[in-house]
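I am opening these notes with the model on screen, and I mean to go through helix packing and pockets in turn. Each entry records what I looked up and what I found.

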Amino acid sequence: MTNRPAPGSVQTMAELRSCIDEIDEALLVLLAERQRYTDRAPELKAREGIAAAAPSRVRQVLDHVRARADAAGMDADLAESMWRIMIETVIAREERVIGKEGKDG
């Protein structure tokens, strides 16, 4: 937990921006960790014969993200858009390493 004030109790833009900057830093740490895991995927996918683009897995991830966003009080459309960008970028990186062939895994 942090000692950030609740959004409704923030009184100035400077304070609000400081809170947002702090959250951004925490998000970047988590996103970097996520990237390290996705960087492992090409080797495992190649070994298991799974294509870089796995539409059924993409749908599963996006459905989960939408549900968790709703539960967390986040706009599900925004969350899905953000994850789509991450997923599309990861798939493009994987395709450069292992190509486009393989099963939908």
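Which residues in helix 2 meet which residues in helix 3? Before listing any, I note that the model is a predicted one. From helix 2 I wrote down V58, R59, V61, L62, V65, R66, A69 and D70, and these meet A76, D77, A79, E80, W83, R84, I87 and I91 in helix 3. Sorting the residues of this contact by class, I get 10 nonpolar and 6 charged, with no polar ones.

Next I looked up the geometry of that pair. Helix 2 spans residues 55–72 and helix 3 spans residues 76–98, and their axes come within 9 Å of each other while crossing at roughly 150°. Because angles over 145 degrees count as roughly antiparallel, I enter helix 2 as roughly antiparallel to helix 3. For the handedness I recorded a right-handed crossing where helix 2 passes helix 3.

I then turned to helix 1 and asked at what angle helix 1 and helix 3 pack. The angle is about 40°, and the two axes lie 10 Å apart. The passage of helix 1 by helix 3 is again entered as a right-handed crossing. On the helix 1 side the contact is made by L31, R34, Q35, T38, D39, A41, P42, K45 and A46, and on the helix 3 side by W83, M86, V90, R93, E94, V97 and I98. By class I have 9 nonpolar, 2 polar and 5 charged residues for this contact. I also marked W83, since this residue is listed in the contact with helix 2 and in the contact with helix 1.

Pockets came after that. The largest pocket holds about 540 Å³ of space, and its lining is made up of 17 residues, of which L27, L31, M74, M82 and W83 are the closest to its centre. Helix 1, which covers 13–48, supplies at least two residues of this lining, as do helix 2 and helix 3. Which element gives the most to the lining of the largest pocket? Helix 1 does, with 7 residues. I sorted the lining of the largest pocket into 13 nonpolar, 1 polar and 3 charged residues.

For the second largest pocket I noted a volume of about 440 Å³. Its lining has 19 residues, and those nearest the centre are A41, K45, R57, V90 and E94. Two or more residues of this lining come from each of helix 1, helix 2 and helix 3, and the largest share, 7 residues, is from helix 1. By class, the lining of the second largest pocket has 12 nonpolar, 2 polar and 5 charged residues. Checking back, I found A41, K45, V90 and E94 among the residues of the contact of helix 1 with helix 3.

My last entry concerns G102, which sits in the segment after helix 3. Setting aside neighbours within four places in sequence, I found G102 in contact with G49, I50 and A51. I also took the C-alpha to C-alpha separation of G102 and L44, which is 12 Å in space for two residues that are 58 residues apart in sequence.

Conventions. Residues numbered from 1 in each chain as written. Predicted model: local features only at pLDDT ≥ 70, side-chain atom pairs only at ≥ 80, totals over all residues. Heavy atoms only, no water. Axes fitted to C-alpha atoms, helices over the stretch in contact; angles between N-to-C directions. Helix = DSSP H or I, 4+ residues; strand = E, 2+ residues; numbered from the N terminus. Parallel < 35°, antiparallel > 145°, perpendicular 65-115°, else oblique. Left-handed = near helix turned anticlockwise from the far one by under 90°. Contact = heavy atoms within 4.5 Å. Nonpolar A, V, L, I, M, F, W, Y, C, P; charged D, E, K, R; others polar. 1 Å grid on protein atoms, 1.4 Å probe; cavity = no way out; pocket = protein on both sides within 12 Å on 5 of 7 lines; lining within 4 Å. Points joined across faces, edges and corners; volume = space filled by probe spheres on them.
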